[in-house]
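Visitor: I should like to take a close look at a single part of this protein, namely its sheet. Please describe how the strands are arranged and what lies against them.

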Amino acid sequence: MDENSLRLLEFHRILEEIASYGKSPASRELILSIRPLQEIKEIQGRFALLREIRRLIKEDRLHIEEFDDIKGLLQKLRPEGSFLEPLELYSLRSVFKNIERLRSIHDSAKPELMDLLSQLHNPEDLLTIIDRSVDEDGNVLDSASAELKDIRIRKRGIENRIRKRLDEIIHNRQLSAALQDEYVTLRSGRWVIPLKADFKGKIPGVIHDISRTGETVYVEPLEIIGLANEHENILSEEKAEEIRVLKGIASLIRRDLDSIERSYRTLLYIDLLKSIALFSERLGLEEPLITEEGKTRLIRARHPLLLLLKEKGLINEVVPLDLELTDTERTMVITGPNAGGKTIALKTAGLLTAMALSGMAIPAGAGSVIPFRREILVDIGDEQSIEESLSTFSGHIRNLSTII
């Protein structure tokens with residue numbers, strides 16, 4: 001399909017409006033890539049799906065929540081031994097939840113959609129594992145494994161012992177004059193007490209940092225160094241167990257990766273269809289008849305961008321257009337004064353044809369007919385090119401020559 005013709009008809013503006021309904025950056029990108037279909041069966045198939053989806057929307061039974069673009073994450077999982085970080089893993093959850101929700105739809109009266117939904121992989125087990133293992137803040141949960149839970153119980157026990165001893169130190173009256181502040185903090189992952197620089201030897205230990213002013217030194221008391229080292233060892237155990245858990249989940253996902261990718265593409269397509277359907281419902285669009293004959297019939301057709309302007313209150317009325325061309329009448333000449341609506345008539349016919357051939361309903365009455373064509377060629381408006389020293393007339397002649 002000629003991209004310049006679609007641009008002149010402002011097809012992209014329709015796609016942008018439809019994309020605003022998309023629930024994912026990936027589905028919005030997919031919507032913006034919509035182009036007229038190249039086979040009449042494809043168009044009829046999309047119309048059939050959209051009819052069923054519009055009925056589901058009216059029944060309030062098709063719910064898709066916001067979901068992440070996971071194409072890159074699925075590719076990241078392909079190499080053996082690879083794994084996702086907790087937040088990345090949680091991103092998959094939004095996709096799996098939508099797939100689970102769509103799989104719950106059962107309606108024998110909507111066979112085309114049921115066939116599409118049957119391609120969705122059951123994510124229930126993976127959802128359970130993700131919910132048990134990570135949270136939305138990017139944490140690996142204690143419930144991810146029994147070993148991790150045990151490690152963290154031991155870690156918390158050591159932390160409590162360290163804090164208790166440090167609290168005893170900072171609340172010792174004999175040391176009150178040496179303390180810069182009565183709190184415990186961390187420096188380079190070690191527990192330290194802030195001491196006035198003049199009293200840095202008052203508590204035996206290791207200095208880990210000095211304040212910018214030089215008035216405060218941060219000392220790790222000697223008596224907790226053994227516990228702190230033990231704590232560091234447990235942190236290493238914890239990190240190793242977290243990675244083991246994440247690798248285990250990645251291995252389970254990798255086993256079904258092809259099915260998950262297919263399901264994800266299906267989810268994107270359903271979101272695309274739902275977005276088209278919502279736009280169609282909003283403007284009350286009708287499905288035209290697509291015929292392999294050369295006949296064109298537009299009944300009370302309106303330009304969709306004008307309908308959007310009317311919806312926003314920027315214009316008061318959209319004047320409908322009736323237009324008909326038969327198999328033998330292949331040319332129509334439209335004349336009239338400036339600002340009489342000639343260009344809008346041309347653009348309405350062209351844009352509605354592009355929409356219909358993309359499998360979309362159009363703002364025209366029932367009984368409207370659009371001929372199936374693999375090309376829409378347009379020469380319209382002022383295409384003057386100063387760079388190439390072409391006059392407006394010459395620019396049109398060149399364009400018409402290309403069309404012919």
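Guide: Two strands are said to pair if DSSP finds at least two bridges between them. With that term in place, the sheet can be followed strand by strand in this model, which is predicted.

The sheet is open and consists of four strands in the order 1-2-4-3, with antiparallel pairing. Strand 1 and strand 3 (205-210) are the edge strands, each pairing on one side only. On average, and with direction ignored, neighbouring strands of this sheet are turned by 50 degrees against each other.

Consider next the pairing of strand 1 (residues 185-187) with strand 2, which is antiparallel and extends over three bridges. Thr185 is found opposite Val192 of strand 2, and Leu186 stands opposite Trp191 of that strand. The two strands form a hairpin with two residues between them. In the turn of this hairpin, Ser188 has a positive phi of about 55 degrees.

Strand 2 also pairs with strand 4 (residues 216-221): the two run antiparallel and are joined by four bridges. Here Ile193 has Val219 of strand 4 as its bridge partner. In a regular strand, the side chains alternate between the two faces of the sheet.

How enclosed is strand 2 by the rest of the structure? Six of the seven residues of strand 2 (residues 190-196) are buried, so this strand is largely enclosed. The word buried stands here for under 20% relative accessible area.

Helices also lie against the sheet. Strand 1 and strand 3 remain its edge strands, while helix 9 (residues 146-170) packs on the sheet and touches strand 2 and strand 4. The direction of helix 9 makes about 10 degrees with that of strand 2. Helix 10 packs on the sheet as well, touching strand 2, strand 3 and strand 4. For helix 10, the direction makes about 145 degrees with that of strand 2.

Helix 10 (residues 225-255) has a further neighbour in helix 6 (residues 86-103): their axes come within 11 Å and cross at roughly 35 degrees. The crossing of helix 6 with helix 10 is left-handed. On the side of helix 6, the contact is made by Pro86, Leu89 and Leu92, and on the side of helix 10 by Leu246, Ile249 and Ile253. Of the residues in this contact, six are nonpolar, none is polar and none is charged. Helix 10 thus touches three strands of the sheet and is also crossed by helix 6.

Notes
Residues numbered from 1 in each chain as written. Predicted model: local features only at pLDDT ≥ 70, side-chain atom pairs only at ≥ 80, totals over all residues. Heavy atoms only, no water. Axes fitted to C-alpha atoms, helices over the stretch in contact; angles between N-to-C directions. Left-handed = near helix turned anticlockwise from the far one by under 90°. Contact = heavy atoms within 4.5 Å. Nonpolar A, V, L, I, M, F, W, Y, C, P; charged D, E, K, R; others polar. Buried < 20%, exposed > 50% of the residue type's maximum accessible area, 1.4 Å probe, protein only.
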